[in-house]
Amino acid sequence: MADGLSPELRGGVTHVVGAGMAGLSAALCLAEAGRRVVVWESAGHAGGRVRSFHDAALDRLIDNGSHLILTGNHGVQRFLARAGSSDGLVAAAEASFPMVDLAAQGPGQRFTIRLDPGRLQRWIFDPARRIPGTGPLDLLGGWRLALARPGTTVAEAIRDRGPAWRGFWEPLTLGILNTTPEKGAAQLLWRVMAETFLKGAGPSRPMFAPAGLGAALVEPAVRTLIRHGVDLRLNTRIKGIERADGRAIAIATGQETVAIGAEDSVIIALPPSRLTRLMPEIDAPADDAAILNAHFRVADRAALEHAAPLTGLLGTLGQWIFVREDVVSVTVSAAHETGILDLPRGETAARLWREVAAALRLEGEPVASRIIVEKRATFDQSPSGVARRPALVTSMANVHLAGDATQTGLPATIEGAMRSGEAAASVVLSRDGKCDAKRRVTTARA
């Protein structure tokens, strides 16, 4: 049996299957600890669902999708530090979230949610700073999320359907869980709230990638892995795993079979639909929840001079607007549940542009537009889907799982993916130590 590895990589190798955020995170941890690593990726690029590319229609570098990253996402901070890209993301000066309600009339059409430092959030007691039409107790009802049992949806946990529901809980659920409050798991939303917003402005400031997520996350990670001697094999799909005595003994690509030695290990960092093809015994959640992103290049860059980099939308098809230079991107979460995927692309672009133009007070038509649909953007984040999230360990002693669909306790986010990679790497390194999370957070904040 040919192992296909160069002599210096024989023995004690960890094979990471999948070069998305989870796989890159695991590989960085392992390489930093001195472990020999081979990364297998079926695509021609690393990053998975996080990628940047030059779009010919827009003639601009764009991200395939927009991701909300917060300063309290410590897994992201550790990833940046390991990749040598601590300045790849830039944090906003404050935890400020401007909102535009295009279905409302009068002075309540535009408002800003601005968090205070520390846990005491005085803004909810100030009528001038609250969501229009809400009282100080409306948002405090969110404590019911903390008490929610497994199987409870956001809509079941929070019963009020007043202005706070429409202006806060519903858009928050759509943006974080990529599904409606009637379907989204309450415990997932609570976990995000507990780690960020409930701690105040410090961990809740949005972070942006001025040069794109590829330059901020993927490219520096790949450079660092190569510098560590990691063997990154793109355009190579793992098609099967050979097993014996409760262990993986080989992985097959179709062109070669690579032996897995007694000291070797495997981390599979694949989305559920691909994971179950490789390991059909795993009952993973579905991963067909879609997100649509529309990108527009505006004619007059100066018209965006005063636009916030992030704006939330209410009463619209789109939910979040991201602005970078002269490109405006709008996200439609839970696109699989809205019917938008059935519309012609031109009609979708025209409708979303009307919302963007009204929200940002833009005139005229865009120079160009591009619609990107990520049909498998997230796993099913309903209570039933959450109950099917696979554990880190598998039936094979030397095979572990990573990915945002594993049991991280977090939603399907970049943060969840990166933490899952750290967790899988820590198991592999259990005889030698684990990823030094504390030191890395300190480094990232320096």
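This note looks at helix α1 and the nonpolar cores of a predicted model.

1. Helix α1 covers residues 21-32, which makes 12 residues in the helix. From its first C-alpha to its last it reaches 16 Å, and this is close to the 16 Å expected at 1.5 Å a residue. After the helix comes G34, a residue whose phi is positive, near 90°.

2. The helix is largely enclosed by the rest of the structure, because 11 of its 12 residues are buried, that is, under 20% relative accessible area. The buried residues are M21, A22, G23, L24, S25, A26, A27, L28, C29, L30 and A31.

3. As for what encloses the helix, the buried residues of α1 pack against three strands' worth of sequence segments, namely β1 (13-17), β2 (36-40) and β14 (265-268), and they also pack against the helices α2 (74-83), α7 (213-227) and α11 (414-428).

4. The largest nonpolar core has 42 residues, and within this core the residues that touch the most other members are M21, L24, L89 and L217. Two or more residues of this core come from each of α1, β2, α2, α7 and α11, and it is α1 that gives the most, with nine residues.

5. L217 deserves a separate look: once its neighbours within four places in sequence are left aside, L217 is in contact with M21, V50, F79, L80, I414 and M418.

6. Apart from the core described above, there is a second, separate core of 38 residues, and among its members are M99, V154, A185 and M193.

Methods:
Residues numbered from 1 in each chain as written. Predicted model: local features only at pLDDT ≥ 70, side-chain atom pairs only at ≥ 80, totals over all residues. Heavy atoms only, no water. Helix = DSSP H or I, 4+ residues; strand = E, 2+ residues; numbered from the N terminus. Expected span 1.5 Å × (residues − 1). Buried < 20%, exposed > 50% of the residue type's maximum accessible area, 1.4 Å probe, protein only. Contact = heavy atoms within 4.5 Å. Core = buried A, V, L, I, M, F, W, Y, C linked by side-chain atoms within 4.5 Å.
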